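Biologist: Let's go through the labels on this model one by one. For each, I want the value and the cut-off behind it.

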Amino acid sequence: MKDHTQAPITVTFQDVEISILFVDNKPYIPLRTIVESLGLNWATQTRKINSNTKRWSPTVVISTTVAKDDKRREVLCLPKEKVFGFLCTISPSKIKRQHRAKLIAFQNECDRVLSEALSGQHRAAPQEDLIMLDRLQQELLLARPKWVQMKRYSAMGLETCEIAKLLDMGRSTVREHRRRMLACGIEFCSSTTVAMTK
């Protein structure tokens, strides 16, 4: 359990106020507001996070800013760099229809920011950032075993329809997974990349 050590920041995205708490200058994001804005059960998501603490590095932070009554409360947070990976584990098809657009918007924004960072549209990434991005890509692959299989099948030269049959999913689903992987900087071999866009 940690106490935040400097003034928090609040940002608004898709009408959701997201707090950023700092502990020893490291940013943490309380997840409950995001989870509940997507219509997800907080207890279920808490169990998911706590069942894999090595992956998510959850931290309980004492804060007065998340509640409106200014009382000090313990809030479950993830390090800022883990939130993207966490959002990628939520499938839009598994949540209520009225919340899907918001989840997709969250995921697309994460894709955009990561893609810009990888393509150099922001500042040139120092070595530490490149190491962090590589680690993030590895964490995404660990969280998505089908991505690992798709990457392997693509390296073997299989086409979209063949990968779809092997993974028991539609071709459009394979293309969507591929799009997300590419947005995260996880690339296929060049010959398959052309084939999968057809």
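Modeller: What follows is a round of questions on those labels, and the model is a predicted one.

Biologist: What makes up the secondary structure of the protein, and how many elements are there?

Modeller: There are ten helices and six strands.

Biologist: How much of the protein counts as buried?

Modeller: The figure is 40% of the 198 residues. To be in that group, a residue must have under 20% relative accessible area.

Biologist: What do you have on the surface and on contacts across the sequence?

Modeller: The accessible surface is about 11500 Å², and carbon and sulfur atoms hold 51% of that. Of the contacts with a separation of 6 or more, 53% join residues 24 or more positions apart.

Biologist: Why is Cys-77 called buried?

Modeller: Its relative accessibility is 0%. The cut-off is under 20%. So Cys-77 counts as buried.

Biologist: Why is Cys-161 called partly exposed?

Modeller: Cys-161 has a relative accessible area of 33%. Buried ends at 20% and exposed starts over 50%. The value lies in between, so Cys-161 is partly exposed.

Biologist: How do you know how many disulfides there are?

Modeller: The rule asks for two cysteine sulfur atoms within 2.5 Å. By that rule the count is zero.

Biologist: What makes strand S6 largely enclosed?

Modeller: Strand S6 covers residues 73-79, and five of its seven residues are buried. Therefore the rest of the structure largely encloses strand S6.

Biologist: Why are S4 and S6 said to pair, and in which sense?

Modeller: Pairing needs at least two bridges. Strand S4, residues 26-30, has three bridges with S6, in the antiparallel sense. The condition is therefore met. Tyr-28 stands opposite Pro-79 in S6.

Biologist: What is notable about the phi of Ser-57, and where is this residue?

Modeller: Phi of Ser-57 is near 50°, a positive value, and the residue is not a glycine. Ser-57 is in the loop between helix H3 (53-56) and strand S5 (59-63). With 30% relative accessibility, Ser-57 counts as partly exposed.

Biologist: Which other non-glycine residue can you name with a positive phi?

Modeller: Asp-168, with a phi of about 55°. Asp-168 is in the loop between helix H8 (160-167) and helix H9 (171-183).

Biologist: Why is Asp-168 given the label it has for accessibility?

Modeller: Its relative accessible area is 72%. Exposed means over 50%. So Asp-168 is exposed.

Definitions and conventions. Residues are numbered from 1 along each chain as its sequence is written. This is a predicted model: local features need pLDDT of at least 70, side-chain atom pairs count only at pLDDT 80 or more; totals for chains, interfaces and linings use all residues. Side-chain values use heavy atoms; hydrogens and water are left out. Helices (H or I, at least four residues) and strands (E, at least two) are DSSP runs, numbered from the N terminus. Buried means under 20% relative accessible area, exposed over 50%, partly exposed in between (1.4 Å probe, protein chains only). Contact means heavy atoms within 4.5 Å. Accessible areas come from the Shrake-Rupley method with a 1.4 Å probe; for residues, only the protein chains shown count as cover.
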